[in-house]
Amino acid sequence: MPSVPADVPAIRSALLDWYDAHARALAWRHGPGSTARPDPYRVWLSEVMLQQTTTPHATPYFLAFTARWPTVSDLAAAEDADVMAAWAGLGYYARARNLLACARAVAGEHEGVFPDTEAALLALPGVGAYTAAAVASIAFDRAANVVDGNVERVMARLCAVETPLPAAKPELKSLAASLVGDHRPGDWAQALMDLGATVCRPGKPLCEVCPLTAWCAGFRTGAPERYPLKTKKADRPRRSGVAWVLRDDLGRVALVRRPDKGLLGGMLGLPTSDWSAAPDAAPPVVAEWREAGAIEHVFTHFALTLSVQAAEGEGDFVWVEPQEALKALPTVFRKALERGLA
DNA sequence: TACTCGTGGCT
DNA sequence: TAGCCAAGAGT
C-alpha cells in the first residue's frame, strides 16, 4: 500500500497556484477563486453531461439545455420527449431519464432548491459518488473527495500505485482523500481534474510543466505514463441486424419509442430486427423493401452492423419529418436513417 | 463484483 | 485501423 503523499500542504498549495494561473475557461465555470457562488443547477447539469463524456462534446448540449431550461424547475416541467430529443447524440441515455427524475425530485421534494450536502445529493437519481462530491464541493464549498478518472490517474502516478484498475479504486480514493482540505474545496477538485485532463494526461504526460513533479513517485520512476496499471479488457463482440426506413406518402419516417430500460432506453428509434438476427428478418410491415446499404456503429461493449432497407408504406408508428427525426435520434439510428434516405 | 450503457476524437 | 479514452451510475 503506497504511503500517503508527504508534505500535503505544499502539494495543495502548488496545485492551487497552478490552477489560478492555468484554469480552463469552460461554459459552466466561474474563474478560479471567484467569489460568485456557482448555480447548483448548472454545476449539476454540467457534471451529469460530463460523465464519461468529453468537454467539447458536452459543451453545446450544456448551452442548449441552459438556454431552453434556465432553472431546475423549468427542466422539471419539461416534456419527457423534448428532453430525450435534446439529449440525442450525447449518449448514455439513462442519464437523460435520471436527469428528469432528479429535476422533478428537486422541484417536488426540495422546493426547487438543490440540497447542499453530499449525502442528500447522493440520494438523488443519477447522482453517484462522484457527482455528489463534485456538486457539494463546487457549488456548496464542501470539503468532499471528488474522484473521477482524472483524479485516479493523478493519484496512481503521484504515488506509483502498482495495483491495476479497477481493483485499485479504493486505494486511489483513499489517497485522494488524504489531500482534501477545507481551503477552496471546489477549486481543489477542479484543479485536480484539470491537471489530469491537460498535464497528467493518459498518454504523453507533460511532466515538464507539472507543478507536482517534486513529489511525484511516478515521475521518479522515469515512466509515469505506465500508471495507472489496468487489467486487460475482454474483446468486443460483433452483432448485426436490419433497420427499416419506412416513409408514408407525406415523406415522414416511421419511428418507434424504445422501452425505458436497456440500450438506448426511452429514445426514439427506427424499427429494427433483433441485433443477432440474420439479414432476412421479417420487416415490420409488408412493403416493397429495397436494400439501401449498411452502417457500422460501435457501442461500449459490442460493435454493430445494421443492414438498411427502405420502402414506402403505412402502419402504427410515430411518424416524424425526416429533418426532425435526424435531430431526435441516437447516432446509430441517425446513421441508418441517413443511409435509408440517400 | 462485474456487467450494462454511447459517442467521437485521438493515436 | 482498432483500440483507448472521457468530470460514472445503476443494477
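## A walk through a predicted protein–DNA model

Helix 8, helix 9 and helix 11 (185-198) are a good place to start, since each of them supplies at least two residues of the surface near DNA strand C. Please keep in mind that this is a predicted model. In total, 26 residues surround DNA strand C, and the closest are G126, T131, D148, N150 and R153. Sorted by class, this surface near DNA strand C has ten nonpolar, nine polar and seven charged residues.

Which parts of DNA strand C does the protein meet? Of the strand's atoms within 4 Å of the protein, 69% belong to sugar or phosphate, and the rest belong to bases. One phosphate oxygen of DNA strand C is 2.7 Å from an N or O atom in the side chain of R153. The bases have partners too: a polar side-chain atom of R24 lies 3.0 Å from a base nitrogen of this strand, and an N or O atom in the side chain of W28 is 3.5 Å from a base nitrogen of DNA strand C.

Let us pause at N150, one of the closest residues to DNA strand C. N150 sits in helix 9 (residues 149-158). Is N150 buried or exposed? Its relative accessible area is 18%, under the 20% cut-off, so N150 counts as buried. The side chain of N150 makes a polar contact of 3.1 Å with the side chain of D148. Beyond its neighbours within four places in sequence, N150 is in contact with M193, G196 and A197.

Now turn to the other DNA strand. Here 20 residues surround DNA strand B, with Y93, L264, H297, T300 and T331 the closest. Sugar and phosphate make up 60% of the atoms of DNA strand B that come within 4 Å of the protein. Several backbone atoms of the protein take part. A backbone N or O atom of L264 lies 2.4 Å from a phosphate oxygen of DNA strand B, while a polar backbone atom of T331 is 2.6 Å from a phosphate oxygen of this strand. Strand 4 (290-298) and helix 14 (331-341) are the elements that give two or more residues to the surface near DNA strand B. Helix 14 gives the most, with three residues. By class, this surface near DNA strand B has nine nonpolar, ten polar and one charged residues.

Stepping back to the whole of chain A, the domain assignment gives domain 1 (8-226) and domain 2 (238-341). Their centres, taken over C-alpha atoms, are separated by 35 Å. Eight residues from domain 1 and twelve residues from domain 2 take part in the contact between them.

What lies in the interior? The largest nonpolar core has 106 residues, of which W44, M49, W87, F114, M155 and L270 touch the most other members. Helix 8 (residues 129-140) gives the most to this core, with nine residues. At least three residues of the core come from each of domain 1 and domain 2. Leaving out residues up to four places away in sequence, W87 touches V48, M49, Y61, F65, Y92, Y93, R95, A96 and L99. Apart from this core lies another, of nine residues, among them V242, L246, A281 and W289.

A last stop is A177, found in helix 10 (residues 169-177). A177 is partly exposed, because its relative accessible area is 38%. The C-alpha atoms of A177 and V4 are separated by 9.5 Å, although these residues are 173 residues apart along the chain.

Methods. Residues are numbered from 1 along each chain as its sequence is written. Chains are lettered from A and ligands numbered from 1 in the order in which they are written. This is a predicted model: local features need pLDDT of at least 70, side-chain atom pairs count only at pLDDT 80 or more; totals for chains, interfaces and linings use all residues. Side-chain values use heavy atoms; hydrogens and water are left out. A residue is near a molecule or strand if one of its heavy atoms lies within 4 Å of it. A polar contact is a pair of N or O atoms within 3.5 Å; within protein, one must be able to donate a hydrogen and the other to accept it, and residues adjacent in sequence count only if both atoms are side-chain atoms. Helices (H or I, at least four residues) and strands (E, at least two) are DSSP runs, numbered from the N terminus. Ala, Val, Leu, Ile, Met, Phe, Trp, Tyr, Cys and Pro count as nonpolar, Asp, Glu, Lys and Arg as charged, and the others, Gly among them, as polar. A nonpolar core is a set of buried Ala, Val, Leu, Ile, Met, Phe, Trp, Tyr and Cys residues joined through side-chain atoms within 4.5 Å. Buried means under 20% relative accessible area, exposed over 50%, partly exposed in between (1.4 Å probe, protein chains only). Domain bounds come from an automatic or database domain assignment. Contact means heavy atoms within 4.5 Å.
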